[in-house]
Structure formats: C-alpha cells, structure tokens
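Q: Please walk me through this structure. Keep it short.

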Amino acid sequence: MAVRFTKPRPGSRYKDPAAVKHLYRQAKLTGAESDWKVAHKARRKAQVEWRTAKTEQAASGNWQEYKNLKTKGGSEWTVHFVQAAEDNKQDPMKWTVGHFRLLFQKKGPRHPPEWNKDIDTGEHFTLQDLREAIQRGRHNKSVGEDLVSFELLQGLCEDPSTEEAFLQWMERLRCGEELPEAWLRTVVTLLPKTEKPRGPGDLRPISVGAAAAKIFGTMLLMRTRRHLHPLGPAQCAHNGRQTCDYLFAAVKSFALDTEWKLGLSWCRIDIRKAFDTLGRDRTLQILRDRLPPHMFLEYKCWERLFFEGTAVLRTPWGDATIPQGRGIRQGSVESPFLFAIAVETALYDAMNRPTWPSAIPAAPDMPLAELLFMDDTLLWSSSKDTMVLKYDLLREELLKWGLRVNPEKTAYYHSPHSLTPGPITLSEEIIQPAANLAVFGIPLAVPLRPTELMDTAMAKATKKFYANLEVFTARRHGLNSAYGRSEAIVSPAIMNMSPMPLVMIAQAMLFGDVHAGAEQMVIQHLDREDYNDMTPRLTKTFAHQHYDPDNLNLRRKITAQKLHEQTMTSGRYDHVAPATTQATMKGDPTHHFGLDYPNIRRKTKATKLLEPGGNNEETIMHKTFYEMR
C-alpha cells in the first residue's frame, strides 16, 4: 500500500509513440536525410494528435486534464529577484532568509493563558468524528516533510482494524500524549506576488504540513466551532457566509448613498503580513474564554499545537530552517477559521469602546457600517473625522494582537455628496481620495450604475472564455457539450458576483434604466427569492407606476408580444414576479393579470404565475411553450 500511494505520479508530458521511436532508430542507422525528415514529420504529427487528445479530454469534462492545460508559472521571477538583490548589494539567499526570519520571530517571551475553569475530560473521539474528518480532506495535495499523503491515510483507514488503531492514536493525543515532531515542522515554498518581485516583501510564503496533523486538527476544529459563534454580522468568513455577502453589503451602501445622497466615506484597510504576525497567545485567550469546561483537553491540544514550530524555507538557492514563534499556524486546516475569529474579536472590541461612533447621522437606522472577510476590512462613516476616529480605535485594538495596519495600501473614497471632501490623514500618512473603491476587483463609486458592475463581470467572463477558447471549440463533443463547459467555466466569473449585480440590474430595470440585453440576463438568472428580497420601497414604487384605477389591476408595462418573447427565451415566468408580491397586491390574492399570449389565451391568477408546473393546466402551458421554441 505504501508503494501504491507514495510512489511518484507518472508524468503527463508528451512521449514519442513506438512507431516514432522506430523511425528515429532507423534514421540513426541509415543517416539518410530523407529518413530524418520522415521521423521529424511523424513526431510533429504525433505531438499535434497528443495535444488534440488532451484538449478533447478536457472538453469532455475531465477536470484534471483541464487543469493540466493551464499555463503553470515557472521560475522566471528569480531573474528579476536576483537583479533586485544585486541593485541592493544583497545575497539573494541571505536576503530572503533574513526577511522571513525577522517576520516569524517572536518579539518577546510568550505568556500562554492558563485554564481558569473546571477541568473536565469531555467526550472521547468517535469513529464518526474520524470518518467525517477524513471525508473533508482534499486529494492531490502536496505532502509535508514526512512525505505521507492524505490518500495513503485514507486508504489505510479503509481497513477496520487500522481505522480503529488510528482512532485510538488520535484519542491518546487528545488526552495529552506528545505530538509528533513532524507536526510542528512546515515546508514553506515561496511564490511571487508580482511578475517582477523587487524584494522578499514581494514573495508570499505557502506552507505545507503533515497530513495526519490536518486530520487531527479537523477533528479538534469540528468540536471547537460549536462554541465559537459569530459576534455579529460583520465577519463574512463564518460558516454559512461567503464573499457574496461582503460584496452585496458593500454595494448596498453605495446604492443607498446614490439614492439618498448620504455623503458617506469608505475606507478599505490593509493589514501588513496579517497571517504571519498574529499573536498566538491572544488567540489562545479567545479559546480559553469561549470554550466550556468539558473542552479542557481540546484546549490543551490547541496550546501544544501553538508551540514554537520550525519552518523549512525552500528557495531557488537552497533550503534553510527558521523558527516560527508567531503568526497563525502555517499549513493547517484550522488556521483560516481561527484567524477570522481573531480579527472579528479585534473589530468588536474596538466597536464596544465608548468613543466608537454608534450611528450615521444621515442614516441612523443603518445597522451595519463595518465589514470583514478574513482580514479584508471595509469601514464607512458620515464624515472624514468619524472615519479617522474609527481607524485609530481599530488600529489600537489590532496592535494588541500583533497586527499592524499598512496605511500605504489603505484605500479611501468619499461620496461627491460628502460634506468633508479632500484627502484624509491616517497614521500621519496623507491618503488622497480615489476615483473609486475596488472591492474584490470590482470598482465601486457614487453614483452607482448597475451597468458598470456588469461591465466588470462581463470583462472577467470574456477573459475566461478566450483563455479557454481551444477547449470550447473542440469539435468532437458538439454544441451542447460546449455550452455545458461554458456554463461550468465562464459562468462563475459572472455568478460569483451574484446576487448583487442581478438584483441591482433588476432594480434599475424597474425604472427603465437598463438595456434589453441586461433585462434578458435578469430573466434567465434571477430567482424568485431575489425578486422577493427587493426592498418594499421599490415594490411600492413599481405598484404606483403601474397601477390601473379603472380595472383595479396591477399591469406590467410590457406588451403581450414582448412577454411572449421573454418567456420563450427563458422558459420561465419569473419576469412577472415583481408585480405579484403581497406588498403590491395589498393582501388580495384575487387580483389577476389578463395576459394575451399568441396562440394561448387564458387568465391566470398572479400567484400561480410564480409556480410553473403547479397543476396540469400549467404543465400543458409549459410544454406548449417549449414546443414552440
């Protein structure tokens, strides 16, 4: 089993077929020019066939082949790095090692917090805990210094006796057995942040730990997460939240300022080397304060895992060993979650201080003015002075965690309706207001135009499409297969921004400020729940604009022919949903639309339009429309 799961994986690069090898052997024997030409021609033909086969395998849905087709980064960055080292009269190896040694070094002595609650041994690890942790593991990942892969451990645990022995080992470690030395050693590989790095600060350390340590950490984390609940809505990296929540809230603040002219100011704060400088003792203090007494042994496990470790720094010029005394534990599965908890706690500690601004005067009912996704911090306020106060209070709290704000990379933007325009001074650094604020690569500004948001999404989708053009144009699998590949590869470039842009476009569509192409996109992608989530104010506005006092009906300003074309395009009736909500119908379910479809005349209750296929008549109607398409 060890030979099967740990042997080097065969390469997937091109290899000459047997027929081509035979032609080259023959050309070497004869030495004739014609034989060499025949051999070279056969090799070129075989290479073209090999590339075509790889592309068609990727086009057929083989995601491993699709990943292999991507251009992988090489070591060209080392040329620019060596040139920068020569300009600074530095040795590349010593320069890099010295930088990361200073980065990982603990400034002072450690003082881990003592457990101050009752001592309870808690619950033993079960087979269900182990199997769930193994199920959450990822395949095809780099191995640690012990060269043990996750696939090997997964294969061993398929045997019941081995699985039971592995579980008992995990339980002994939980109860206090000494951790393996390899678990506190991580392999650190350097990747460039830019194409032409000019110093060690432009290199990003990527750490790889032991596979068994990841399983043990996952088992601990599953128990720990039950007791570390969100402190509020600000941190969007918690379980059940995602980047769309962060993006939607940010865009909503710009939309409100566009509509109500609140004169807000936004500040996106950058934390310098956040993962590598976080205080471990402070993180342990959170675990001690928020874990119940029966989690005593789990807390002691975290304490041992947070001991000073060793980083094996691998550079293009050689390897070096560096002690790690601070920063989140590199190469572990629990690090992102604990880091999110730490930054969230720092933010709410700052917000709980008496001097923190509690409300925006222009919008006192706005419940949120701070956002987090991991350490990506976005603040907004009503004035420049209020923003400076928020920044200073948060900076002071972050210093307690060993985190330092980087004012040079901090972005500031204020609305054109702001009463305090001009640059802002943060940490004695003058920051000029930007033309827009980039949030996850999406430029936001006031006034907020939904079409500009979709321009960004379409630009990303276009770039993704042309980067994979050869996969989409593979002929063997037909148009339907190409459409499916496009949905899987290109659509996420747009839908990762969902539901924010689609809701914004739908809102603009209600006021006639969007073109027909975007309206078709809304019809095809926007779900009924997104329509219902629109603010009651928009719904009432729509009802006011389309209210017909003669018939006491709510009619949509589109012709029957246009409605029919939209239905044929999308195959659904969601585009009539905004006028059928309870807010617009004022609680009266008897109102209905008199919609004249070509070849199909009927009156349908508005509530039934939201439920296609709800009865036999609806099913027949759907079937007829699909046949017409």
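A: Two strands count as paired if DSSP finds at least two bridges between them. With that cut-off in hand, and noting that this is a predicted model, ask away.

Q: How many bridges join strand β1 to strand β5, and do they run parallel or antiparallel?
A: Strand β1 covers residues 185–192 and strand β5 covers residues 309–315. One bridge pair is T189 with R314 in β5. The two strands are joined by five bridges, and they run parallel.

Q: What is the strand order of the open sheet with four strands?
A: The pairing in this sheet is mixed. Its edge strands are β2 (203–208) and β6 (318–324), each pairing on one side only. From one strand to the next the twist averages 30°. The order is β2-β1-β5-β6.

Q: Which helix packs on that sheet, touching β1, β2, β5 and β6?
A: Its residues are 92–104. Its direction makes about 15° with that of β6. The helix is α6.

Q: Which residue in the turn between β7 and β8 has a positive phi?
A: Strand β7 spans residues 370–373, and four bridges join it to β8 in an antiparallel pairing. L371 has L378 as its bridge partner in β8. The two strands form a hairpin with two residues between them. With a phi of about 60°, the turn residue is M374.

Q: Is S381 buried or exposed?
A: S381 sits in strand β8, residues 376–381. Buried means under 20% relative accessible area. S381 has 1% relative accessibility, so it counts as buried.

Q: Which backbone nitrogen lies 3.4 Å from a polar atom of the side chain of S381?
A: A polar atom of this side chain also lies 3.1 Å from the backbone oxygen of S383. Leaving aside neighbours within four places in sequence, S381 is in contact with G263, L264, S265, T386, M387 and K390. The nitrogen at 3.4 Å belongs to M387.

Q: How far apart are the end C-alpha atoms of helix α16?
A: Helix α16 has 17 residues, 384–400. At 1.5 Å a residue it should span 24 Å, which agrees with the model. The end C-alpha atoms are 25 Å apart.

Q: Which residues of α16 are buried?
A: An α-helix has 3.6 residues a turn, so residues three or four places apart point the same way. Just after α16, G402 takes a positive phi of about 80°. The buried residues of α16 are K384, T386, M387, K390, Y391, L393, L394, E397 and L398.

Q: Which residue just after α11 takes a positive phi?
A: Helix α11 has 18 residues, 243–260, and its end C-alpha atoms are 26 Å apart, which agrees with the expected 26 Å. Its buried residues include Y246, L247, F254 and D257. Just after α11, with a phi of about 55°, comes K261.

Q: Over which residues is the pLDDT below 50?
A: The protein averages a pLDDT of 76, and 70% of the residues score at least 70. The stretch below 50 has 192 contacts in the model beyond near neighbours in sequence. It covers residues 498–629.

Q: What share of contacts between residues at least 6 apart in sequence join residues at least 24 apart?
A: The protein has 28 helices and 20 strands. Buried residues make up 45% of its 629 residues. The share of those contacts is 71%.

How values were computed:
Residues are numbered from 1 along each chain as its sequence is written. Side-chain values use heavy atoms; hydrogens and water are left out. Buried means under 20% relative accessible area, exposed over 50%, partly exposed in between (1.4 Å probe, protein chains only). A polar contact is a pair of N or O atoms within 3.5 Å; within protein, one must be able to donate a hydrogen and the other to accept it, and residues adjacent in sequence count only if both atoms are side-chain atoms. Contact means heavy atoms within 4.5 Å. pLDDT is the predictor's confidence in each residue, from 0 to 100. The expected span of a helix is 1.5 Å times one less than its number of residues. Axes are lines fitted to C-alpha atoms, for helices over the stretch in contact, and angles run from 0 to 180 degrees between N-to-C directions.
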